[in-house]
Amino acid sequence: MAEDNSLSRQMFGLTVRKNAHPDMRRLRREAGDASLHGNKFWKSSCLTMDYLTKNPLIKGARVLDLGCGWGLGGIFCAKAFDAKVTSLDADSSVFPFAQYHAELNGVEIQTWHCRYEKVTEAALKEFDAVIGTDICFWDKLEAPLFNLTRRALRAGVDRIVLVDPGRPPFRQLAERAVEKLDAGYFEWQTQRPIKAKGCILHACA
């Protein structure tokens, strides 16, 4: 049977299933509903991919994808930059969706079930880059993500790129990182393949 293109998206070299796709329905039955909003494609993923297309990682970079959800940011890094990707989330029910999309797009990822505050400086020394998309959606996430960013810089992580549609908790995080960690914080938008806008926090060791 021919693939129904209306049930998939093409973006930045990736194939991404829509929620109505039979495979997504099957995975939801098998894995259960995600408890921390990692239950679908988020438009901010386009901002992450667009920014990294214009500001690429080094080939073979070791990448930690925070709050990975479906894992699209990390999968993009694996495909575009031959990155060695670890996809982290506090909700293990998202991992079947991330692994599915990795296999669909011909790459491999590792998964790590962990909360932000449990990611140690020693563990962060194993990574060249940390990315995260749409992960600071509650006020209570701002402090753990700020502290993780600070630990990553202390660990010598080359680049930290966090992307968000512009929610207040993220803007608070970004402003604090600019003040305390010499980070950059700026608006970003893209028109294709999906119109999206938001902001990016970028920090370098």
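In this predicted model, strands S8 and S9 make up a hairpin, with 5 residues lying between the two strands. The two strands run antiparallel and are joined by 7 bridges. Two of the pairings give a feel for the register: Gly 184 stands opposite His 202 of S9, and Glu 187 has Cys 199 as its bridge partner in S9.

The hairpin belongs to a wider arrangement. An open sheet of 7 strands follows the order S5-S4-S3-S6-S7-S9-S8, and its pairing is mixed. Strand S5 (109–113) and S8 occupy the edges; each has a single partner strand, so one side of each is left without a neighbour in the sheet. From one strand to the next, the twist averages 20°. Helix H6 packs on this sheet, where H6 touches strand S3 (62–66), S7 and S9, and the direction of H6 makes about 160° with that of S7.

Turning to the nonpolar interior, the largest core comprises 37 residues, and Phe 41, Leu 57, Val 63 and Cys 77 are the ones with the most contacts inside it. Eight entries make up the list of elements giving two or more residues to this core: strand S2 (14–17), helix H1 (22–31), helix H2 (44–54), helix H3 (72–81), helix H4 (95–104), strand S6 (129–133), strand S7 (159–164) and strand S9 (196–204). Of these, H3 provides the largest share, with 6 residues. Leu 57 offers a handy view of the surroundings: leaving aside residues up to four places away in sequence, Leu 57 touches Leu 52, Val 63, Cys 77, Phe 81, Ala 129 and Arg 159. Another core, of 30 residues, lies apart from the largest one and includes Leu 124, Ala 174, Ala 177 and Cys 199. Cys 199 thus appears here once more, after its pairing with Glu 187 across the hairpin.

Charged side chains add a further layer, with 9 salt bridges in the structure. One of them connects Arg 176 and Glu 142, at 3.3 Å from N to O. Arg 176 lies in helix H7 (residues 168–181) and Glu 142 in helix H6 (residues 142–154), so this pair ties together parts that are 34 residues apart in sequence. The two partners differ in their surroundings: Glu 142 counts as buried because its relative accessibility is 12%, while Arg 176, at 29%, counts as partly exposed.

Helix H7 takes part in a second such link through Arg 171, which forms a salt bridge with Glu 187, the closest N and O atoms being 3.1 Å apart. Glu 187 sits in strand S8 (residues 184–190) and Arg 171 in helix H7, and the pair links distant parts of the chain, 16 residues apart. With a relative accessibility of 25%, Arg 171 counts as partly exposed. Salt bridges with shared partners also join Asp 134, Asp 164 and Arg 167 into one network.

A further salt bridge pairs Glu 117 with Arg 115, and here the closest N and O atoms are 3.1 Å apart. Glu 117 counts as partly exposed because its relative accessibility is 43%, and Arg 115 also counts as partly exposed, at 47%.

Definitions and conventions. Residues are numbered from 1 along each chain as its sequence is written. This is a predicted model: local features need pLDDT of at least 70, side-chain atom pairs count only at pLDDT 80 or more; totals for chains, interfaces and linings use all residues. Side-chain values use heavy atoms; hydrogens and water are left out. A salt bridge is a side-chain nitrogen of Lys or Arg within 4 Å of a carboxyl oxygen of Asp or Glu. Buried means under 20% relative accessible area, exposed over 50%, partly exposed in between (1.4 Å probe, protein chains only). Helices (H or I, at least four residues) and strands (E, at least two) are DSSP runs, numbered from the N terminus. A nonpolar core is a set of buried Ala, Val, Leu, Ile, Met, Phe, Trp, Tyr and Cys residues joined through side-chain atoms within 4.5 Å. Contact means heavy atoms within 4.5 Å. Two strands pair if DSSP finds at least two bridges between them. Axes are lines fitted to C-alpha atoms, for helices over the stretch in contact, and angles run from 0 to 180 degrees between N-to-C directions.
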